[in-house]
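Trainee: I have a model to go through before I set up any calculations. Can you walk me through it, one question at a time?

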Amino acid sequence: VLALLLVGCSPEASLGPAATAAPGGPAAPAWSAPGDSLLAPGQLAAMVRGMGLSGPEELTHYTLDISLSDVAGEYQGEGTVAWTNLTGAPVSALPLLLHPNAPAELGAPGAGSLALHEATVRGRAVTVERPRPTLARVVMEPPVAPGERIEVGLRFGGRLKLLDAQANDLFAQAFGGMGQLGSPVGASDYGLLGQGDGIVTAASAYPMIAPFDGDSPLEPRPTGVGDLAWNEAAIFELRVLTPEGLRVVSNLLDAEPEALGSGTWLTRSAGAGVRDLVLVASRDWAVESAQVGGVTVRSWALSQDAAAGAKALEEACATLATLSRLYTPYPFTELEVVEASLIGGAGGVEFSGLTLIAGFLYRDPRRSRSPMAGLMSLLGGIGGGGGGLPPEIAELTASQRRFVVAHEVAHQWSPGLVGADAHRSPVVDEPMAQYLAGRAVQELLGDEAGAAERDRNVLINFALYRLMGGEDRATDRPTASFGSSLEYAALVYGKAPYLYVDLEERLGRARLDAAIRGAMQASAWEVVDGEGWLAALESAGASGARERGRRWWQEAHGDEDLALDPEGRAALRLLFGEEMAAQVEASFAALGMPPAALFQMMGGGLPTTRPYAPGALSPAEMLELLDEP
Ligand SMILES: [Zn+2]
């Protein structure tokens with residue numbers, strides 16, 4: 001595996017035809033965006049085209065100074081955002097999304113926070129409406145005319161959540177996470193604005209101008225299911241201040257930290273073409289880097305996790321090389337793979353140019369000091385072994401990390417390059433990332449072993465959910481309509497990706513790959529929904545994509561199409577492999593129980609979920625009915 005992995009990282013690994021402009025080619029554009037060298041050659045022009053802009057100077061542009069302190073457990077920011085009104089209508093209130101307040105809005109106290117202290121427009125302080133914790137509206141008097149570009153001054157700041165010191169322990173996470181999977185509130189920010197176990201994460205920690213659909217701003221309420229944030233590509237220019245020794249890595253091009261005096265460091269960063277901003281900081285980074293074609297890939301891990309960090313680097317390089325070769329080149333010139341203290345069952349979180357990978361995936365579970373690990377270890381002894389956790393558990397974590405890294409890197413293509421509304425159409429990017437991760441792992445391990453690893457990470461979500469009594473339902477719907485994270489994981493991450501496996505079997509791999517490549521190129525930097533993406537695949541040569549898409553994404557044939565049985569035998573084989581599954585099944589048969597009983601015992605039953613009723617009115621809308629004549 002190691003040797004195979006290294007192939008992707010070798011300096012001569014090719015990313016297909018070089019995309020640099022030939023000498024004597026077209027002159028450089030008159031206006032170059034700050035941080036535009038984060039974009040691969042040709043991508044700035046592709047972005048302008050895909051987003052329907054008349055030039056890069058219409059991109060939303062944040063210029064921010066941010067101070068981030070692990071000592072105070074706080075951050076503060078000030079600066080401006082320049083925004084062009086491309087909605088076609090006058091805008092009298094500009095919505096700013098304050099995503100880190102999602103847990104507070106959902107009723108979960110104690111999370112990180114983001115407060116907008118002040119906003120100015122055209123140099124004057126203006127009224128800010130605050131309808132709810134995740135939304136502020138800057139009142140524009142006079143309204144912003146169509147085509148007008150305005151600069152909004154911002155002053156903001158907030159708290160970092162203090163995460164459990166065991167935030168990166170597999171056992172502490174697994175047993176603490178179960179309740180959270182059932183509840184749509186528990187850890188809905190995944191620790192994305194927090195500090196714990198030596199790592200500070202500040203994701204989406206600034207007032208973000210809402211994306212628009214035509215002239216309607218998209219400002220949905222948080223649901224606690226799925227991704228917190230998404231947006232159109234923008235430009236960021238930052239000066240980040242930290243206490244000396246706290247080293248920041250962002251999803252932009254970062255300069256080396258400069259000493260400012262008074263025990264403070266300044267890090268300058270800039271990047272064009274990113275959909276969000278994330279800062280990760282630690283006093284204890286081990287950094288390794290490699291080149292894949294023209295892309296610099298860096299892995300950042302705590303020094304105690306340096307060995308796993310080096311593996312994550314190889315895995316990211318291999319995925320980047322595979323997907324660039326099979327589909328279309330990676331759109332940026334840098335990729336950061338960063339260990340982070342994530343909670344709530346998240347294995348990783350994607351941002352343009354940077355992926356967060358949960359710390360527990362870097363640790364050997366056998367070295368865990370959690371009491372749960374001790375208990376499991378004792379149970380292992382009772383089972384007849386010599387006691388202690390079996391060595392396979394370390395291999396299991398390593399293979400899970402390999403898949404998570406591949407999944408997060410795959411997100412650079414979807415929703416990085418091809419945009420998707422994470423709240424309305426999660427079916428676009430998550431199943432694509434699962435399928436592409438499977439392909440990358442197949443490339444590494446061989447078709448059969450790679451498919452087995454894919455199924456262990458993908459299909460298992462749906463298989464276990466069904467054994468616990470979860471209902472098979474449509475997958476192409478907004479995150480708000482999912483009753484729990486478990487249901488969401490089962491349908492969107494577990495079932496929906498098999499549309500692509502199905503198409504691969506029907507059309508052949510070469511034809512499906514060509515269709516995915518064509519659809520990605522045709523939809524680059526646009527925002528597509530489920531139907532639009534299936535249509536793009538179909539017109540790029542994936543015949544039947546829409547019809548099969550209806551079956552996999554709108555209907556409920558999962559058990560039949562994925563050959564799952566109600567007794568749980570298929571799930572058992574997925575988890576343990578053929579041989580051990582037979583043994584487990586035999587011991588359950590001796591007790592007169594089907595294997596499904598094991599999963600029901602392990603899972604502890606399905607959480608209460610809300611019914612799925614498209615079109616049902618909200619309580620506020622129901623009350624409004626009384627006011628109608
Ligand atoms: Zn994902």
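Mentor: Start with burial: a residue is buried under 20% relative accessible area, exposed over 50%, and partly exposed in between (1.4 Å probe, protein chains only). This is a predicted model, so local features need pLDDT of at least 70 and side-chain atom pairs pLDDT 80 or more, while totals for chains, interfaces and linings use all residues. Residues are numbered from 1 along each chain as its sequence is written, and side-chain values use heavy atoms, without hydrogens or water.

Trainee: What share of the residues of the protein counts as buried?

Mentor: The count runs over 629 residues. By the rule above, the buried share is 55%.

Trainee: What part of the area that the protein exposes do carbon and sulfur atoms supply?

Mentor: Accessible areas come from the Shrake-Rupley method with a 1.4 Å probe; for residues, only the protein chains shown count as cover. The protein exposes about 25,400 Å². Carbon and sulfur supply 55%.

Trainee: How many helices and strands are there?

Mentor: Both are DSSP runs numbered from the N terminus: helices are H or I with at least four residues, strands are E with at least two. The protein has 20 helices and 27 strands.

Trainee: Which residues are the protein donors of the zinc ion?

Mentor: Donors are N, O and S atoms within 2.8 Å of the metal (3.2 Å for Na, K and Ca); water is not among the atoms, so sites may look incomplete. The spacing along the chain is H-x3-H-x18-E. At 2.1 Å from the ion lie NE2 of two histidines and OE of a glutamate. They are His407, His411 and Glu430.

Trainee: Is His411 buried or exposed?

Mentor: Its fellow donor His407 has a relative accessible area of 5%, so His407 is buried. His411 has 2%, so His411 too counts as buried.

Trainee: Which are the edge strands of the open sheet with the order E6-E7-E3-E12?

Mentor: Two strands pair if DSSP finds at least two bridges between them. The 4 strands pair antiparallel. An edge strand pairs on one side only, which leaves E6 (128–132) and E12 (208–209).

Trainee: Which residue in E7 is the bridge partner of Leu94?

Mentor: Strand E3 (residues 91–97) runs antiparallel to strand E7 (residues 135–144), and 6 bridges join them. For Leu94, the partner is Val138.

Trainee: With which residue does Arg137 form a salt bridge?

Mentor: A salt bridge is a side-chain nitrogen of Lys or Arg within 4 Å of a carboxyl oxygen of Asp or Glu. The closest N and O atoms of the pair are 2.6 Å apart, and the partner of Arg137 is Glu219. The pair links distant parts of the chain, 82 residues apart: Arg137 in strand E7, and in the loop between E14 (216–217) and E15 (234–243), Glu219.

Trainee: What is the relative accessible area of Lys495?

Mentor: Lys495 meets Asp472 in a salt bridge, 2.8 Å from N to O. Lys495 lies in helix H12 (residues 485–495) and Asp472 in the loop between H11 (459–467) and H12, so the pair ties together parts 23 residues apart in sequence. Asp472 is buried at 12%. Lys495 is buried too, at 1%.

Trainee: How many salt bridges does the count come to?

Mentor: Asp197, Asp305, Glu339 and Arg363 are linked in one network. By the rule, the count comes to 38.

Trainee: What arc do the buried residues of helix H15 cover around the axis?

Mentor: The buried residues of H15 (residues 530–539) are Gly530, Trp533, Leu534, Ala536 and Leu537. The arc is that of the directions from the helix axis to the C-beta atoms. These residues sit on the same side of H15, because their arc is only 160°.

Trainee: Which residues are exposed on the other side of H15?

Mentor: The cover over the buried residues includes H9 (426–445), H13 (498–507), H14 (509–522), E27 (527–528) and H16 (545–553). On the other side, the exposed residues are Glu531 and Ser539.

Trainee: How far apart in space are Pro331 and Gly42?

Mentor: Pro331 is in the loop between H5 (306–326) and E23 (334–340), and is buried at 0%. Contact means heavy atoms within 4.5 Å; beyond neighbours within four places in sequence, the contacts of Pro331 include Leu38, Gln412 and Trp525. Pro331 and Gly42 are 289 residues apart in sequence, yet C-alpha to C-alpha the distance is 8.9 Å.
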